[in-house]
Structures are given as C-alpha cells and as structure tokens.
Amino acid sequence: MPRRSRLGGAALVAVAAILLVLPNVADNYVIYVMSRLFVYVLVALGLNLLTGYTGQVSLGHAAFFAIGAYTAAVLAERWHWPSVLCLVGAALVSAAVGYLLGLPCLRLSGLYLAMATLGFTLIVQEMLLQLSVITHGSEGMKVQPASFLGLTFHTDYRKYYLLFVVTVAMLLFARNLVKGRAGRAFLAIRDNERAAAAMGVNIARYKTIAFAISALYTGLAGALSAFIVGFLDPQEFSFFLSIQFITIIILGGLASLLGSVLGACFLIVLPELLAGLDVWQALVYGLIMVVTIIFMPFGLSGALQRYAHRWFGIGVEPMIPRRLGH
C-alpha cells in the first residue's frame with residue numbers, strides 16, 4: 001500500500017504539472033480540444049455515478065446537458081446574472097429536473113429505464129425548438145463569454161484554466177462521494193436491490209439522489225460548454241449525443257472514476273490523432289473501439305489496473321464487477 005500510494009501520488013502530480021503547463025506550450029486548437037475534454041470528463045463522471053455505480057441505464061443525459069446549457073444562457077441573456085450564478089443555477093436546475101425524472105423511474109430498470117430516459121431526451125429537444133421565445137428555436141442562441149471578478153474568459157487560454165479548476169474540484173467531490181456512505185449505497189443497489197433494502201438502504205432515496213447528482217454534473221458541463229463555444233444549436237442535443245456519453249463510460253470502465261477520464265480522452269483525443277487518415281478515419285476509429293470492447297471487457301481502467309499490477313505489483317483502483325442494469 002505505501003508503494004502504491006507513492007507511485008499513484010507521483011503519477012497524479014506529474015499529470016497535474018503537465019496539464020498546468022500545457023497551455024503555455026500548445027497552440028489554441030490543442031487548448032480548445034483539451035477544454036472539450038474537460039467538459040466530457042464532467043459528463044462522464046456524472047453518468048458513471050448513475051449507470052456504473054447505481055446500475056441505472058440512462059440515455060437522457062443529452063437532455064440534462066441541454067438544460068444546463070440553455071439555463072445558463074437564458075440567465076445570462078435575460079436577467080444578466082453573473083457567470084458564477086449562471087453556472088450554479090444551471091447545475092441546480094439540472095439537478096432538480098434529474099430528481100423529478102428519477103421519481104417516476106423508480107420502478108423501472110434495464111431497457112425500460114433506458115427507453116424512458118430516451119423519451120425524455122426527445123421531449124427536451126422538441127421543447128428547445130418550440131419555446132423559441134426563450135431559446136430562439138432553430139436559429140440557435142448566442143452566449144457571451146463567462147466573467148468572474150472582472151476577468152473575462154474570452155480566450156482559449158483562460159477557458160482552459162476555468163475548466164481545469166472546475167473539473168478537478170468535481171472529480172475530488174465524486175471521489176469522496178463514492179468512498180462514503182452514498183457510494184456504498186449506490187453499489188449495493190446496483191448489485192442487488194432486495195439485499196440492499198434488507199440492509200436498511202433506502203432504495204427510492206438513493207436512486208433519486210443518484211439521478212440528481214448525475215444531472216447536476218451534466219448540467220454544469222452543459223453550462224460550461226455554452227460559455228466555451230459561445231453558441232447553442234438545439235440540433236446538437238440529440239439522442240446521438242447521449243450515445244456518445246454512454247460510450248465514454250463503457251470504453252473507460254463502469255464504476256470507475258479513472259475510467260470516466262480515460263473514456264473521455266479516448267473519445268475526444270483519438271479522433272484528433274487520426275485526423276490525417278482522411279476517409280479511413282471513421283473505419284480505423286471504429287475498429288479501435290471494437291477491439292477495445294472485446295479485449296478490455298472492464299474498460300481502459302480495468303486494463304490499466306491489470307497491467308499495472310502485472311508490471312509493478314500495484315493496483316490502480318479496486319476491481320469492482322461492472323454491469324448494466326440487473
């Protein structure tokens with residue numbers, strides 16, 4: 001354990017140092033890609049708390065992403081709220097909607113829950129088009145850059161550090177959550193609801209809490225994305241975006257915070273590395289995804305743990321059986 005702690009701490013310090021220095025040595029495009037990566041890490045953390053740890057399959061996180069983005073944009077445009085309050089408001093509104101969605105989904109699981117959350121995504125996307133008085137409909141909505149204490153985050157350099165700080169803070173919060181009482185309750189519900197209830201776990205309470213926290217993470221990511229991109233198009237928040245989100249945690253590893261980070265890196269960085277392949281890019285990317293799923297059934301984090309244990313005699317994260325639904 002001491003050796004594992006030392007190596008793990010050294011690795012974290014090295015990664016943090018690289019990320020802190022990166023904007024000073026990389027061009028604006030690389031910085032923008034990394035900012036998108038941080039957004040997807042936030043979404044993956046939230047979705048993994050719901051799907052990986054609690055076992056609730058969701059195809060509705062594109063809706064939470066949209067709710068967070070449009071809430072922040074509307075608060076900034078109509079009521080001229082400070083950017084910090086816009087972010088907090090977007091996260092809380094998304095969490096409230098997630099909690100309310102979790103209530104009627106308490107008796108659903110597996111494919112039935114997935115279909116219900118898919119329907120929620122379609123409803124939200126249609127509402128974005130129909131409520132044109134608020135959302136500007138199909139024309140899209142312009143979003144001004146975020147600002148805090150007189151500092152405007154209008155450059156890729158400043159946006160990067162804003163997202164870096166928020167992502168690290170939310171990652172630490174998720175780590176403390178899964179290692180605490182709530183995390184143990186989530187895993188108990190995922191593995192066997194009846195056994196969890198027999199041990200005194202309030203199933204309804206923790207399921208709705210999982211929905212709310214997951215939506216909070218995704219709504220916050222959507223709000224940050226709105227400030228980064230500067231424009232919202234309702235067509236972007238479709239069912240296919242939810243598929244992207246679920247792909248991240250499957251590739252990275254369910255019930256693994258490290259897997260959320262690795263999966264986001266895989267989905268965002270790999271296409272950029274394959275950009276030079278032109279028409280072969282989609283084929284090579286698809287083959288890599290298929291090979292990853294077949295030969296790494298526990299995701300990238302599981303493979304990393306296995307190889308770290310084999311080469312260095314240490315583990316990265318506790319190996320937890322991962323499965324979708326019951």
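**Exercise 1. Two helices in contact**

In this predicted model, Leu49, Gly52 and Tyr53 in H2 meet Phe186, Leu187 and Arg190 in H8. Describe what kinds of residues form the contact of H2 with H8, and work out how the two helices are oriented to each other.

*Solution.* Begin with the chemistry of the residues, which divide into four nonpolar, one polar and one charged. Next, turn to the geometry: helix H2 covers residues 28-53 and helix H8 covers residues 181-191, and the two pack at an angle of about 45°, with their axes 8 Å apart. Angles under 35 degrees would count as roughly parallel, and those from 65 to 115 as roughly perpendicular; H2 and H8 are therefore oblique to each other.

**Exercise 2. A glycine in H2**

Decide whether glycine 52 is buried or exposed, and find which residues are in contact with glycine 52 when its neighbours within four places in sequence are left aside.

*Solution.* First place the residue, which lies in helix H2. A residue counts as buried when its relative accessible area is under 20%, and because the value for glycine 52 is 0%, this glycine is buried. With the sequence neighbours set aside, its contacts are Leu47, Arg190, Leu254 and Ala255. Finally, consider isoleucine 189, which is 137 residues away from glycine 52 along the chain, while the C-alpha atoms of the two are separated by 11 Å.

**Exercise 3. A threonine in H7**

Determine in which helix threonine 167 has its place, and which residues threonine 167 contacts beyond its neighbours within four places in sequence.

*Solution.* Threonine 167 belongs to helix H7, which runs over residues 156-178. Its relative accessible area is 6%, so threonine 167 is buried. Once the neighbours within four places in sequence are left aside, the residues in contact with threonine 167 are Phe38, Val41 and Leu42.

**Exercise 4. The span and surroundings of H10**

Compare the reach of helix H10 with the expected value, and explain why H10 can be called largely enclosed by the rest of the structure.

*Solution.* Helix H10, residues 203-229, contains 27 residues, and from its first C-alpha to its last it reaches 39 Å, which is close to the 39 Å expected at 1.5 Å a residue. As for its surroundings, 22 of those 27 residues are buried, so H10 is largely enclosed by the rest of the structure. After H10 comes glycine 230, which has a positive phi, near 90°.

Terms used
Residues are numbered from 1 along each chain as its sequence is written. This is a predicted model: local features need pLDDT of at least 70, side-chain atom pairs count only at pLDDT 80 or more; totals for chains, interfaces and linings use all residues. Side-chain values use heavy atoms; hydrogens and water are left out. Axes are lines fitted to C-alpha atoms, for helices over the stretch in contact, and angles run from 0 to 180 degrees between N-to-C directions. Helices (H or I, at least four residues) and strands (E, at least two) are DSSP runs, numbered from the N terminus. Angles under 35 degrees count as roughly parallel, over 145 as roughly antiparallel, 65 to 115 as roughly perpendicular and the rest as oblique. Contact means heavy atoms within 4.5 Å. Ala, Val, Leu, Ile, Met, Phe, Trp, Tyr, Cys and Pro count as nonpolar, Asp, Glu, Lys and Arg as charged, and the others, Gly among them, as polar. The expected span of a helix is 1.5 Å times one less than its number of residues. Buried means under 20% relative accessible area, exposed over 50%, partly exposed in between (1.4 Å probe, protein chains only).
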